[in-house]
Amino acid sequence: LDRAGVFPAIGLSGVLMICVLNVLTDDPSAGAQAFLAFPVLWAASHLRWAAVAVVTAAAVVADGVTQLVLQPVEPAMHDLLTVGTVLVVTAVILVRAARTQDGLVAALQRQADVDPLTGLVTRRVLDDALTGALERDATGDGTALVLLDVDSFKQINDAHGHPVGDDALVHLSGLVRRQVRAGDAVVGRLGGDELALLLPGCSAETAARRARELLETVRASPLPRTDGGLLALSISVGVAHAPLHAASVRELVAAADAALYRAKRGGRDRVEVAVSPAPRPAD
């Protein structure tokens, strides 16, 4: 209906109907002309700005023709100027208000989708992407999930302050993003110092190799301090793969999380790959 122009036609039909009724009832009064505000208000509340402009212009032109039919030129032009100004100003105010509201909604959507500190996507976006990757798996290589967090992050906050901890997360996020190509992966922040790297169409071996490369990159890239010093960072990484280690989103996240904690219990600064589930006994 929108592509066929049905909705602007509704506003134009309203304008035409009101002007025809004014002519048929021989009523050039301001009260009769005021009804033209209804199709303009409807258009400004529901349609795009171009359609609003068309409906508003039609209302002004149609009102001018109607007034010239019903009364002499001078009073007709006076009424047209008054009513036309009201219609145009009303349309402009409503369109601007709608744009402001759309901007606020878009800003709220961005806040819901993007972590404000790191610029990575949020858990909600990552979950949606993970669900889609498991459903599609166009290459047949499966989907890998890499979870990582900063080793001894609490000690960093306690020793250097929370701003330095925030800098460490921003620094780590930048390193992770530089390790992946656009469209190749989804990088998100799960909360706290835990980040996630979703690799659709990626084998378990490739995911483990990329996780080790990321580990080496973090080791070789200390955080520059504001005082000119450097703060060495290390991460613990857990890797899981579907369908090798899990069959669902919940299972994949749990497998990667278990691998991550195994890396931390094993001494940190290391990569652990999830353990494949034991095969079910035959019936």
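**Notebook: the five-stranded sheet**

I looked up the sheet in this predicted model and found five strands forming an open sheet in the order 2-3-1-6-7, with mixed pairing. Strand 2 (186-191) and strand 7 (271-273) are the edges; each has a single partner strand, so one side of each lacks a neighbour in the sheet. Neighbouring strands are turned by 20° against each other on average, direction ignored.

My terms: strands (E, at least two residues) and helices (H or I, at least four) are DSSP runs numbered from the N terminus, and two strands pair if DSSP finds at least two bridges between them.

I numbered residues from 1 along each chain as its sequence is written. Local features need pLDDT of at least 70, side-chain atom pairs count only at pLDDT 80 or more, and totals for chains, interfaces and linings use all residues, while side-chain values use heavy atoms, with hydrogens and water left out.

Next, I checked strand 3 (194-200). Six of its seven residues are buried (under 20% relative accessible area, 1.4 Å probe, protein chains only), so strand 3 is largely enclosed by the rest of the structure. Seven bridges join strand 3 to strand 1, running antiparallel, and Thr143 stands opposite Pro200. Strand 2 also pairs with strand 3 in the antiparallel sense, over five bridges; here Val186 has Leu198 as its bridge partner. Their hairpin has two residues between the strands, and Gly192 takes a positive phi near 60°.

Last, I turned to the other side: strand 6 (residues 235-242) and strand 7 run parallel, joined by three bridges. Gly238 has Glu272 of strand 7 as its bridge partner.

How values were computed:
Axes fitted to C-alpha atoms, helices over the stretch in contact; angles between N-to-C directions. Contact = heavy atoms within 4.5 Å. Buried < 20%, exposed > 50% of the residue type's maximum accessible area, 1.4 Å probe, protein only.
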